[in-house]
Amino acid sequence: MSAERKRLMLALAVLFAINIFIIALAQSASADLYKKGSSGETVSQIQTRLKNWGYYDGAVDGVYGSRTEAAVRFFQQKNGLSQDGQAGDQTLAALGISSGAGGGGGSGSQSGDLYLLARLISAEARGEPYVGQVAVGAVVLNRVEHPSFPNSISGVIYQPGAFSCLDDGQFNEPVAESAYRAAQEALNGYDPSYGAIYYFNPATATSRWIWSRPLIVQIGSHRFCA
């Protein structure tokens with residue numbers, strides 16, 4: 001092999017190695033992981049969500065310290081996630097925080113909302129007609145727009161006492177495939193509940209107050225109310 005050919009082969013090998021390094025670096029950068037020592041806007045959002053839901057009582061300072069780590073671990077324990085105290089993709093999605101978008105809007109935020117909404121639909125409406133599953137998702141979105149409820153999907157879902165599935169463990173069960181489709185339809189604007197902000201199963205409801213809510217429509221075993 002000539003010296004010129006050897007130099008060419010060496011140059012190609014170096015170029016190939018550089019490309020592999022750049023790809024690996026990009027993949028590493030795209031995988032969000034917040035842990036002890038991290039800081040920034042997304043950490044502040046993590047602390048804010050955890051504080052609003054009663055998992056965290058420290059300062060919202062954007063610094064991922066021991067108290068934030070303990071709060072994340074507590075949240076993970078309560079929501080069937082791996083309890084490592086680190087906020088990776090699954091924990092961020094459960095918190096309704098975008099992954100890979102600095103905590104702002106965009107596809108990451110939409111992905112987190114879809115994941116949370118599908119989990120709620122699957123837990124609350126498993127076995128219901130498909131249109132009833134969409135309606136449950138629509139109720140969550142109607143609450144987001146209503147002044148009496150939190151203004152985010154995660155806030156509505158994790159509002160204390162709002163959904164029994166968060167207390168009885170159903171929220172942590174595997175998510176039905178139909179629930180993802182129903183969640184996406186609800187996010188796309190389909191509302192078979194016609195603006196309902198409540199629903200309940202008349203066969204199991206014991207609250208007199210919920211029975212007082214004006215009926216809009218019944219779908220499957222759920223009454224959807226104003």
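In this predicted model, strand E1 makes the greatest contribution to the lining of the largest pocket, supplying three residues. The space within the largest pocket amounts to about 450 Å³, and 19 residues line it, with Glu124, Ala162, Ser164, Tyr199 and Phe200 lying nearest its centre. Besides E1, the elements that provide two or more residues to this lining are helix H5, which covers residues 107-125, and helix H10, which covers residues 208-211. When the lining of the largest pocket is sorted by class, nine residues are nonpolar, seven are polar and three are charged.

The second largest pocket has a volume of about 250 Å³. Its lining is made up of 17 residues, and those nearest the centre are Tyr55, Tyr158, Pro160, Leu166 and Asp167. Helix H8, spanning residues 165-168, accounts for the largest share of this lining, with three residues. In terms of class, the lining of the second largest pocket comprises ten nonpolar, five polar and two charged residues.

Strand E1 also belongs to an open sheet of three strands, which are arranged in the order E1-E3-E2 with antiparallel pairing. The edge strands of this sheet are E1 and E2, each of which pairs on one side only, and the twist from one strand to the next averages 25 degrees. The antiparallel pairing of E1 with E3 extends over three bridges, whereas that of strand E2 (residues 215-219) with E3 extends over four bridges. Cys225 in E3 takes part in the register on both sides, for Tyr198 stands opposite Cys225, and Leu215 likewise stands opposite Cys225.

Strand E3, which consists of residues 222-225, is covered on both of its faces: His222 and Phe224 are buried on one side, and Arg223 and Cys225 are buried on the other. In the hairpin formed by E2 and E3, two residues lie between the strands, and Gly220 adopts a positive phi near 60 degrees.

A positive phi is also found at Tyr194, where the value is near 60 degrees in a residue other than glycine. Most residues other than glycine have a negative phi. Tyr194 is located in the loop that connects helix H9 (177-187) to strand E1 (198-200). The relative accessible area of Tyr194 is 61%, and because a residue counts as exposed when this value is over 50%, Tyr194 is classed as exposed.

Helix H6, by contrast with the exposed Tyr194, is largely enclosed by the rest of the structure, because 13 of its 16 residues are buried. The length of helix H6, which covers residues 130-145, was compared with the span expected at 1.5 Å a residue. On that basis its 16 residues should span 22 Å, and the end C-alpha atoms of H6 are 23 Å apart, which agrees with the expected value.

Key:
Residues numbered from 1 in each chain as written. Predicted model: local features only at pLDDT ≥ 70, side-chain atom pairs only at ≥ 80, totals over all residues. Heavy atoms only, no water. Expected span 1.5 Å × (residues − 1). Buried < 20%, exposed > 50% of the residue type's maximum accessible area, 1.4 Å probe, protein only. Pairing = 2+ DSSP bridges. 1 Å grid on protein atoms, 1.4 Å probe; cavity = no way out; pocket = protein on both sides within 12 Å on 5 of 7 lines; lining within 4 Å. Points joined across faces, edges and corners; volume = space filled by probe spheres on them. Nonpolar A, V, L, I, M, F, W, Y, C, P; charged D, E, K, R; others polar. Axes fitted to C-alpha atoms, helices over the stretch in contact; angles between N-to-C directions.
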